[in-house]
Every structure is written in C-alpha cells, then in structure tokens.
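Trainee: I have a new structure to look at and don't know where to begin. Can you walk me through it?

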Amino acid sequence: MTSDITAQIINGENEGTTYTYSVKEYADYLLEHANENGSDEEKAYAKAVPLVKAMLNYGAYSQIVFNSHTDRPANAGLTDNEKKLENVSVNIADPVFEGLPEGTIFEGATLSLKSETTLSLYFRSSTPLEFSCEGQIVEKEVSDEYYAARIRSISAKNIGNTFDLKVNSGTVKFSPLNYCKFIIASTASAPDEQLDKQKLDLLNVVRALYLYWQKADAYFT
C-alpha cells in the first residue's frame, strides 16, 4: 500500500503528465478530508474512515509478514491506539465436505494475502478432479502430490463468505475465515509474547484481516 504507482496517458506521440501516487496517499487524503458535516464528498469520506483505517492496519501488518517497505508502514499516520490489534474470535461453522469422489482426501488450505486474496484448497485423489465455484475465478493446479483449487480475487467484503466449491459431483463448503479461525486456534495455547516472530506475525496479519473484513462488511451492507 505504500509502493509508488506511476501512471501516464500516451496517445500516439503525445505523452501526458506522469503522476506518481500510492494507496496510502489516497487513504491519507480521504482521512484528512473526511467531515460528517461537510460536503457530500466529505460525508462519503467520513463514512469510509473505519474501513480505511482497518485497511491501513492490514496493509502494515502484511508488510511485516512479507518484509516489504517496513520502514514506511501503511498505518504510520494512525494513533498508537488505532494501530493496536484486539484479540479476535472467529465464529464460523467448520468446513463441510459432501460427496467427494471415491479416493479423494482433503489435505488442507492456505490463504494468500499478496496482491489479491486467494483461497487454495488441496486434495489427494486417485480420480481426476475438476473444480468450479459460482461467481468466482477458480484455477486448477496439478502436481505429483496434489490437486489444488485456487479461488482467486476474493474482495474484502466477501472474506466472510462460505464458498461452494464443486469438486466433480461433490461439494466443499469453505470460507477464508475458516483459515483465520485455524491460525488463531493454533496459537491460542500461548500468550503473544511467548510466540516466535513468524507465528506472531502471521497471527497479527490474520487478526488485521479479520478486522478489515468486519469493517468492509459493515461499510458495504
């Protein structure tokens, strides 16, 4: 979110002005101009303030996990209190597996938090597998060990959705929050100060992601 994006309009030999900006710069502009009693635009900014602050926090904790521009965190403009992450409890039903092909075993899931949010589900199977999920982009990847179904481009407001992944004639019901719930549960036996850095960094970005989803869900509802 703090990386520079450069844009320029070029029409034949005519080149427009080059502009450089970042997601953080836009977010800071929005926070600076938010006013519940101002113009319609300023009121719209004010409505988005909780979501934008949660987004910047998520960006900052993601920077730590990916070791990206950690010297200029996305949430640098927030107060110390706003930067803090509360402990979260994810209340979501466990995944459901219905009618998977004979010889097919679910091996686990990962959640990619890079340029887009991607939920990947992994299977071992003696039967060739095909995947689909209504309303979502699903990519199949086959290796010597696994069939992987990657549900890509999950928007912030849909992180709490449970996706119905079709696996041949069977179905897997799985949510990105199932992954978050697993990470939180796997570290619950020890206080934060006793976790090694890698586990704590992952836990924090999952907490930030969950809080970001909550604000997105409220904003778009």
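Trainee: Which residue forms a salt bridge with Glu139?

Mentor: Arg152 does. The closest N and O atoms are 2.7 Å apart. Keep in mind that this is a predicted model.

Trainee: Where do those two sit in the chain?

Mentor: Arg152 is in strand β10, residues 147-152. Glu139 is in strand β9, residues 137-142. They are 13 residues apart, and the pair links distant parts of the chain.

Trainee: Buried or exposed, that Arg152?

Mentor: Partly exposed, with a relative accessible area of 22%. Glu139 is also partly exposed, at 36% relative accessibility.

Trainee: Why would such side chains pair up at all?

Mentor: Side chains of opposite charge can pair when their charged atoms come close.

Trainee: How many salt bridges are there?

Mentor: The count comes to twelve. One of them joins the side chains of Glu107 and Arg124, at 3.0 Å from N to O. Glu107 lies in strand β6, residues 104-113, and Arg124 in strand β7, residues 117-125, so this pair ties together parts 17 residues apart in sequence.

Trainee: And how accessible is Glu107?

Mentor: Glu107 has 38% relative accessibility, so it counts as partly exposed. Arg124 is partly exposed too, at 32%.

Trainee: Got a salt bridge inside a helix?

Mentor: Try Lys197 and Asp201, whose side chains meet at 2.5 Å, N to O. They are four residues apart in helix α5, residues 197-220, so about one helical turn separates them.

Trainee: Is Lys197 buried or exposed?

Mentor: Lys197 is exposed, with a relative accessible area of 58%. Asp201, its partner, is buried at 13%.

Trainee: Which residues do shared salt-bridge partners join into one network?

Mentor: Glu107, Arg124 and Glu145.

Trainee: Switching topic. How many residues are in the largest nonpolar core?

Mentor: It has 53 residues. Among those with the most contacts inside it are Leu119, Phe123, Phe131 and Leu165. Leu177, Leu209 and Tyr212 are on that list too.

Trainee: Why would nonpolar residues gather like that?

Mentor: In soluble globular proteins, nonpolar side chains tend to be buried together.

Trainee: What does Phe131 touch?

Mentor: Leave out residues up to four places away in sequence. Its contacts then include Phe123, Val138, Tyr147 and Leu165. Lys140 and Lys166 are also among them.

Trainee: Now helices. At what angle do α4 and α5 pack?

Mentor: About 140°, with their axes 10 Å apart. That makes α4 oblique to α5. Helix α4 covers residues 176-186.

Trainee: What is the handedness of the crossing?

Mentor: Left-handed, as α4 passes α5.

Trainee: Which side chains should I click on there?

Mentor: From α4, look at Leu177, Tyr179, Cys180, Ile183 and Ile184. They meet Leu202, Leu203, Val206, Leu209, Tyr210 and Trp213 in α5. Leu177 and Leu209 also appear among the residues with the most contacts inside the largest nonpolar core.

Trainee: Last topic: backbone. What is the phi of Asn67?

Mentor: It is positive, about 50°, although Asn67 is not a glycine. Asn67 is found in the loop between α2 (40-66) and α3 (80-83). Asn67 is exposed, with a relative accessible area of 63%.

Trainee: And what about the phi of His69?

Mentor: Near 50°, again a positive value in a residue other than glycine. His69 is in the loop between α2 and α3. His69 is partly exposed, at 31%.

Methods
Residues numbered from 1 in each chain as written. Predicted model: local features only at pLDDT ≥ 70, side-chain atom pairs only at ≥ 80, totals over all residues. Heavy atoms only, no water. Salt bridge = Lys/Arg side-chain N within 4 Å of Asp/Glu carboxyl O. Buried < 20%, exposed > 50% of the residue type's maximum accessible area, 1.4 Å probe, protein only. Core = buried A, V, L, I, M, F, W, Y, C linked by side-chain atoms within 4.5 Å. Contact = heavy atoms within 4.5 Å. Axes fitted to C-alpha atoms, helices over the stretch in contact; angles between N-to-C directions. Parallel < 35°, antiparallel > 145°, perpendicular 65-115°, else oblique. Left-handed = near helix turned anticlockwise from the far one by under 90°.
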